[in-house]
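User: I would like to learn how to read a protein model. Could you guide me through it step by step?

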Amino acid sequence: MTIRYIASSRLPTPWATFTMHGFEDEATGKDHIALTLGDTADGQPVLGRVHSECLTGDALFSMRCDCGYQLQEALKRIAETGRGVLLYLRQEGRGIGLLNKIRAYHLQDQGADTVEANEQLGFSADLRRYDLCLPMLEHLGIDALQLMTNNPRKVEALTRVGVEVTERVGLTTGLNPHNEHYLSTKAGKLGHMMALGDFTAASDVDTERKP
Ligand SMILES: Nc1nc2c(ncn2[C@@H]2O[C@H](COP(=O)(O)OP(=O)(O)OP(=O)(O)O)[C@@H](O)[C@H]2O)c(=O)[nH]1
Ligand SMILES: [Zn+2]
């Protein structure tokens, strides 16, 4: 696997002006992004989020999952801290791709849960890879992460590929009637460390855009 750094630019957002770094995975031709804020190469652990693409949640305001809410909350917390990194990895649908995720959603509309739907389509529950994170972080001079996630398997997978995670920071936000069952399944079947009682409601998420 070869990850090639391509270019960087400013990325103003409602919460802060980040620096956006573009990378290409030469094996798959996929492009991946890192957003950084502040001095992330000073040797101290960096508040970070490793976010997997969810077009429906991140860009289309879907309430079926918690991805969009988590993305927004992570950027907000990095902005409040004044320093941090977000890796945006193009592995849609836990690695099965957008069109298969739509197939999985169709099965969920008929009663399957998120894990059963993947299995009915012939996929395992989670096909994501995290090996590209290490070269991306190395390029940015980041040695260790305080990782915002509820998924202990993500912490294990990152550790396995050589990324040091000094702390796991919970990211429980965006609970709403459409994702309650999905979030319960993630806690029950996928081992996510969260209880619905920990969540802030989607209606509490600040979507106000600041200039
Ligand atoms: N196959 C499939 N993928 C989904 C579904 N809902 C969300 N996703 C994808 O799941 C990925 C996000 O993974 P999650 O399981 O929500 O969370 P996580 O990244 O493991 O853990 P956190 O760090 O706590 O968010 C994104 O790539 C989404 O596109 C679904 O029902 N089926
Ligand atoms: Zn999602």
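**Burial and the zinc site**

Analyst: Let us begin with one residue of this predicted model. Cys-67 has a relative accessibility of 14% and therefore counts as buried, since the cut-off for buried is under 20%.

User: Which atoms are the protein donors of the zinc ion (ligand 2)?

Analyst: To read a metal site, one lists the donor atoms and then their places in the chain. Here the SG atoms of Cys-54, Cys-65 and Cys-67 are the protein donors, lying 2.2 Å from the zinc ion. Their spacing in sequence is C-x10-C-x1-C. Cys-54 and Cys-67 link distant parts of the chain, 13 residues apart. Cys-54 sits in the loop between strand S4 (46-52) and helix H1 (55-59), while Cys-67 belongs to helix H2 (residues 67-81).

User: Is Cys-54 buried or exposed?

Analyst: Cys-54 counts as buried because its relative accessibility is 4%.

User: What share of the residues of the protein counts as buried?

Analyst: The same idea can be applied to a whole chain. Of the 211 residues, 48% count as buried. The accessible surface is about 10200 Å², and carbon and sulfur atoms account for 52% of that surface.

User: How should the radius of gyration of the protein be read?

Analyst: One compares the value with that of a compact globule. For 211 residues such a globule would have a radius near 17 Å, and the protein has 17 Å, so the two agree. Along the principal axes, the C-alpha atoms fill a box of roughly 50 × 40 × 30 Å.

User: How many helices and strands does the protein have?

Analyst: The secondary structure comprises 7 helices and 9 strands.

Terms used. Residues are numbered from 1 along each chain as its sequence is written. Chains are lettered from A and ligands numbered from 1 in the order in which they are written. This is a predicted model: local features need pLDDT of at least 70, side-chain atom pairs count only at pLDDT 80 or more; totals for chains, interfaces and linings use all residues. Side-chain values use heavy atoms; hydrogens and water are left out. Helices (H or I, at least four residues) and strands (E, at least two) are DSSP runs, numbered from the N terminus. The radius of gyration is taken over C-alpha atoms; the globule rule is 2.2 Å times the number of residues to the power 0.38. Buried means under 20% relative accessible area, exposed over 50%, partly exposed in between (1.4 Å probe, protein chains only). Accessible areas come from the Shrake-Rupley method with a 1.4 Å probe; for residues, only the protein chains shown count as cover. Donors are N, O and S atoms within 2.8 Å of the metal (3.2 Å for Na, K and Ca); water is not among the atoms, so sites may look incomplete.
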